[in-house]
Structure formats: structure tokens, C-alpha cells
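Trainee: Please give me a close look at the side-chain salt bridges in this model. I would like to know how each pair sits in the fold, and then what else is worth following up in the same structure.

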Amino acid sequence: MNYILAGTLGLVSIVIPMLIARRETSQAYIMLALFLIVTSCANALPLFIHAVPTLELYSLAIVVPCYILQPICLWFYVKGICSPTIWHVKENRNLHFVLPAFSLCYALVLLFMPTHYLAELMQDHAQTLSQPAEWMSMFTFAFMLAWVIQSSIYVYLIVRRLLAYRSELKQLFASNDKREMGWLFIVISGLVVVWVLAFSAFVTSLFEQSRSALTCALLIGYFTLLWLISFWGLRQKPGFNERYLQKEDLETITALHTEEDTPQKYTRSGLDEARSQKIADKIEQVMKAKALYLNPDLSLKLLASEISEKPNYVSQTLNQILNSSFFDYVNSYRIEYSKQLIVQNQLSILEVALASGFNAKSSFYKAFKTNTGQTPKQFASTN
């Protein structure tokens, strides 16, 4: 286990400086680096305690603040990496830092407590604790309960933001390769599991000796997640990188954060049905006349510019009149065009994908299967 831990720490020690070096691209990388730091510190304690046994007395002063900071750092990373505008840490409210501030005060109290009280706190709780140690034990349990509630809230916020981000991409861009960040859903699911294990291990340690099997499962889970986050975090660019929205364009996606079928969704847009129908006709005409769908970098803003309409009006028209997101609408044209190329049987599948406006073969396969129920090869064999 120590070899696995040492290898993981070695990887993280390489990844963290690389993430910090990318802070000019997005400050979200700083939050991911901080997440890796606090997670590594919390889970590297067994190795450090093995080297310096007296460190065990101060383990709670390290573990509690680290665990409190984990979900906050991850939330800021997700918020920054999914932001439609250039994101800064200073934009976040100070409310997020209240619980971490209390946990740091708790850690300072532990650090300055007499060692015999710390020894009581860390010993088998079958014995009666002195009043100072009992108070710190109660605070420790309170922090862990607060951490459970806090983590649940942040997991909900992260999942909701990722789902909204996916909808935003589909409304604004026709090609989203490597931008949907499905890996984060896997990481969040894994974190929920290991956080449940962590809380179980903590509660178990209050009443009986810690179970080695549970502790090993917890550590292995964290090590696996650290490897995944390190690998994917280095590969992941901000979702709106090189296509950030201007402040005046943000109204385009404001309606997406309202429930899909509520009457309030477009009440403030000022676009009536007759005008929407005219915009729909213009969209259809320009798509057919200029074959804009063949442009792999086609965006909602570019389409709106072609027909001299506001992007939010175009988005509303696509949703209400054409019953489609921008992404699905453009890809339906691309798939129809690709069918013609496949039937001609003069190009490879990759060449068909690129000629049809797709950036990658994988996204072409996915879109083709979604639209036709067949893979391109199956379609070719029957036509």
C-alpha cells in the first residue's frame, strides 16, 4: 500500500506544478491543484506518520480542514472550467469560506493543545475523556457531520452545473468534441463512494478499532480518483476556451437555466410567434443556400450574424419553432449530407465525417447512430 501511495504522491507532485502553470489560461486549474493538494495531504498521513510517529497526535488538525476544503475546491474547478466567460476566483462569495475558516481555527486549537489531551483524543474511546478532550471530540464529530451536509450540497451543485453546461454547449455550438466533460460525472460518482467510505471509517474509529479492510478500500478509492483527476485534469481545457461569450451575449443562455417547459422561459425575450416563424424561414434558407453546417466551427453567434438576428432570438426560434437545439439541428443537416457521401462510396468513413463538418470520427458515429439508428457502416451495407 505504501508503494501505491508513494507512486500516487509522485504523480500528483508532477501534476500540481503543471496545473498552476496553466493559471493564465484559467484560474480553474488553481482550484484543481488545491483539490489535489488537500486530498493528497489527507490520504498521505499514514506514510508521514510511519516516518514521524508523533505526527499521529496532530492528524485531525490536518484531516478535518483538508476534507472540508475538498468539495469547495472541486466546485470552484467545475464552475471555472464550465464558465461561458473568463472566470476568476475573486468572483465567488465569501460564504463558501466560512466553514473552512472554522475548521482552520479548530486545527489551530489542536496544534496548541497540550499533548496529553491529544493523546486522550486519539486513544480508544472506551476510556473516560477529560473535559477538554471531550469537547474537541464533540467538535470533531460536528465537523464531520457538517462535511457530510456540505459535500451533499456541493455534489448537487456540481451535477446541476454540468448538466446545464451540457445544455449550453448544445444550444451554442455545433461541435463539442472533448468539451462535454463526461469524465467529471465518473469522478463525482467515485468521490461520493469514497466520501461515504471515509465517513464510515471515521464513525467506526470513534467506537472501535478502525477496520483495515475499510481503510484500504478508502485509500485505494482515493488513489484511483487522484490518478483519474490528474490525467483528465491535465487534458481538459476550459469548455468555452477560445470561444468565450461577451457580457452582452450572456442573455443567449439565460433562458436555459429556467425549466424547459415553463411559461416563464421566454417571457422577457419580446419575440412573438410571427417573428419567430420568419426567423425560422431565414435559418432554413441560409443553411440550404450556404451549407453552413459544413463549417466545423459553426456557432449560434455565427448563424445569427448570417441572418442578421440576435443570438437569443435564433436560440428561441430553434427551440420553439424548429423543436431542436442548435447542436441537434446542425447535425441533422450534417448527417443527411453524409448519407449522400456514403452512398457514393468514394470516401472512407473518416473522410466522410470531416467532409460533413464533424471534427472527429467518434462524434460522427455518435450523431449518425442517434439520427438513423444505424452506424455509418451498417447504413453503407444497406444502401
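**Salt bridges and their surroundings**

Mentor: K339 and E336 both belong to helix 14, and because they are 3 residues apart there, about one helical turn separates them. Their side chains form a salt bridge, with N and O 3.1 Å apart. E336 is partly exposed, at 45% relative accessibility. Keep in mind that this is a predicted model.

A search of the whole structure returns 6 salt bridges. The general idea is that side chains of opposite charge can pair when their charged atoms come close. The pair just described stays inside one helix; the next one does not.

K290 and E306 meet through their side chains in a salt bridge of 2.9 Å, N to O. K290 is in helix 11 and E306 in helix 12, so this contact ties together parts that are 16 residues apart in sequence. As for cover, K290 is exposed, with a relative accessible area of 52%. E306 is partly exposed, at 34%.

Helix 11 takes part in a further link. E309 forms a salt bridge with K282, and the closest N and O atoms are 3.0 Å apart. Here K282 is in helix 11 (residues 273-290), while E309 sits in the loop between helix 12 (300-306) and helix 13; the two residues are 27 apart and link distant parts of the chain. E309 has a relative accessible area of 13% and counts as buried, because the cut-off for that class is under 20%. K282, at 30% relative accessibility, is partly exposed. The pair is also part of something wider: R275, K282 and E309 are linked in a network of salt bridges.

Helix 13, which bounds the loop that holds E309, brings in a polar contact. N319 is found in this helix, which covers residues 311-320. The side chain of N319 is joined to that of Q171 by a polar contact of 3.0 Å. N319 is buried, with a relative accessible area of 16%.

For contrast with the charged pairs, consider a nonpolar part of the surface. I186, L228, F231 and W232 form a patch there, and together they have about 370 Å² of accessible area. Helix 9 (residues 212-235) gives the most to this patch, with 3 residues. W232 lies in helix 9 and is partly exposed, with a relative accessible area of 31%.

Helix 9 also turns up in the lining of a pocket. Rolling a probe the size of a water molecule over the atoms shows where empty space is left. The second largest pocket holds about 870 Å³ of space. Its lining has 31 residues, of which N176, D177, K178, R179 and E180 are the closest to the centre. At least two lining residues come from each of helix 7 (131-172), helix 8 (182-207), helix 9, helix 14 (326-344) and helix 16 (361-372). Helix 16 supplies the largest share of that lining, 6 residues. Helix 14, among the contributors to this lining, is the helix that holds K339 and E336, which returns us to the salt bridge at the start.

Notes: Residues are numbered from 1 along each chain as its sequence is written. This is a predicted model: local features need pLDDT of at least 70, side-chain atom pairs count only at pLDDT 80 or more; totals for chains, interfaces and linings use all residues. Side-chain values use heavy atoms; hydrogens and water are left out. Helices (H or I, at least four residues) and strands (E, at least two) are DSSP runs, numbered from the N terminus. Buried means under 20% relative accessible area, exposed over 50%, partly exposed in between (1.4 Å probe, protein chains only). A polar contact is a pair of N or O atoms within 3.5 Å; within protein, one must be able to donate a hydrogen and the other to accept it, and residues adjacent in sequence count only if both atoms are side-chain atoms. Patches are made of residues with over 30% relative accessible area and no salt bridge: like charges are joined within 9 Å, nonpolar side chains (Val, Leu, Ile, Met, Phe, Trp, Tyr) within 5 Å. Accessible areas come from the Shrake-Rupley method with a 1.4 Å probe; for residues, only the protein chains shown count as cover. A salt bridge is a side-chain nitrogen of Lys or Arg within 4 Å of a carboxyl oxygen of Asp or Glu. On a 1 Å grid over the protein atoms alone, a cavity is a set of points where a 1.4 Å probe fits but cannot get out, and a pocket is an open set with protein on both sides within 12 Å along at least five of seven lines; lining residues have an atom within 4 Å of a point. Grid points are joined across faces, edges and corners, and a volume is the space filled by probe spheres set on the points.
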